[in-house]
Amino acid sequence: MCYNNFMFYFDTINGKKFLKSDFINGNAECFFTTRETVIKTKEQAFENLVEENKNLICDFLRIKRKNLISPKQTHTSHVEIAKEGKSDYPDTDGLILNNKEQAVYLNFADCTPVILYDKKQNYGAVVHAGWRGTAGKIAAKATEKMIKEFGSNPQELTAVIGPAISLCCYNVGDEVFEKLKATVTDFEGLYEIRNDEKFVDLKNINARQLKEAGIQEIDVCPYCTCCDNDMFFSYRKENATTNRHSAVLKLK
């Protein structure tokens, strides 16, 4: 099993930095934006940069702006299938993409981005897994939907888990801890207790959920959004910032 191989590297588009993984290549283009390639904000100071970056990404992916779509994320475990001509997906934290006309992106600032890809059938999904989504096993649910709707074989699926708050920085209360613990059969190595505080590893909890769903190729990003705040946004560290980095998927 390929697991935690850290196949991540930085690349650029017109000199602007993106994070990619060698685990998904060939017929799909997927990447994670950084602070300088932000495409999601509610802050007026960033609006021009966001517009510039959206145009940059659409040019790079060779799509029209209307085909760069994102759902309305509300920390659910709800997964939809993207449909050509449709851009409105309320209360949706996972989008499956099986057409080549659109690109999908979801937004993050400490929560866990998960990109799934079926290398045999050339389609994939982007999932937003905060603690609520992780407790609801949203990445595993996306996998199950891919199996049910498209006949995917889990052994043909690849998972890339992007930058998120890491075990070093993510302390939670007892209720959240117990909910996350209940999502996997083996919670060993996914938490630490320091000075009576519980810290959890959201990225690797999602990885273990996917492993238990049958996916064998999983790459987990080493970057912590809180520690590596110079490259990525952190809701905790930046006092509830509305800026987000994004996980983007486009099929070729």
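**A helix, a small sheet and two cores**

Helix α3 tucks six residues out of sight: Ile 138, Ala 139, Ala 140, Ala 142, Thr 143 and Met 146 are its buried ones. This picture, like the rest of what follows, comes from a predicted model. The helix covers residues 138-150, 13 in number, and spans 18 Å between its first and last C-alpha, close to the 18 Å expected at 1.5 Å a residue. Residues three or four places apart on an α-helix point the same way, because there are 3.6 residues a turn. Right after α3 comes Gly 151, with a positive phi near 70°.

Further along the chain there is an open sheet of 3 strands, lined up as β12-β14-β13 with antiparallel pairing. Its edges are β12 (171-172) and β13 (191-194), each of which pairs on one side only. Between β13 and β14 (residues 197-200), the antiparallel pairing runs over 4 bridges, and Ile 193 sits opposite Lys 198 of β14. Helix α4 (residues 174-181) packs on this sheet and touches β12, β13 and β14, with its direction at about 40° to that of β14.

As for the nonpolar interior, the largest core holds 47 residues, and those touching the most other members are Val 104, Ile 115, Leu 116, Leu 210, Ile 218 and Leu 249. Strand β10 (residues 123-129) supplies the largest share of this core, with 5 residues. Neighbours within four places in sequence aside, Val 104 makes contact with Ile 69, Ala 82, Leu 95, Leu 97, Val 126, Ala 247, Val 248 and Leu 249. Another core lies apart from this one; it has 14 residues, including Ile 165, Val 184, Leu 190 and Cys 226.

Note on methods. Residues are numbered from 1 along each chain as its sequence is written. This is a predicted model: local features need pLDDT of at least 70, side-chain atom pairs count only at pLDDT 80 or more; totals for chains, interfaces and linings use all residues. Side-chain values use heavy atoms; hydrogens and water are left out. Two strands pair if DSSP finds at least two bridges between them. Helices (H or I, at least four residues) and strands (E, at least two) are DSSP runs, numbered from the N terminus. Contact means heavy atoms within 4.5 Å. Axes are lines fitted to C-alpha atoms, for helices over the stretch in contact, and angles run from 0 to 180 degrees between N-to-C directions. The expected span of a helix is 1.5 Å times one less than its number of residues. Buried means under 20% relative accessible area, exposed over 50%, partly exposed in between (1.4 Å probe, protein chains only). A nonpolar core is a set of buried Ala, Val, Leu, Ile, Met, Phe, Trp, Tyr and Cys residues joined through side-chain atoms within 4.5 Å.
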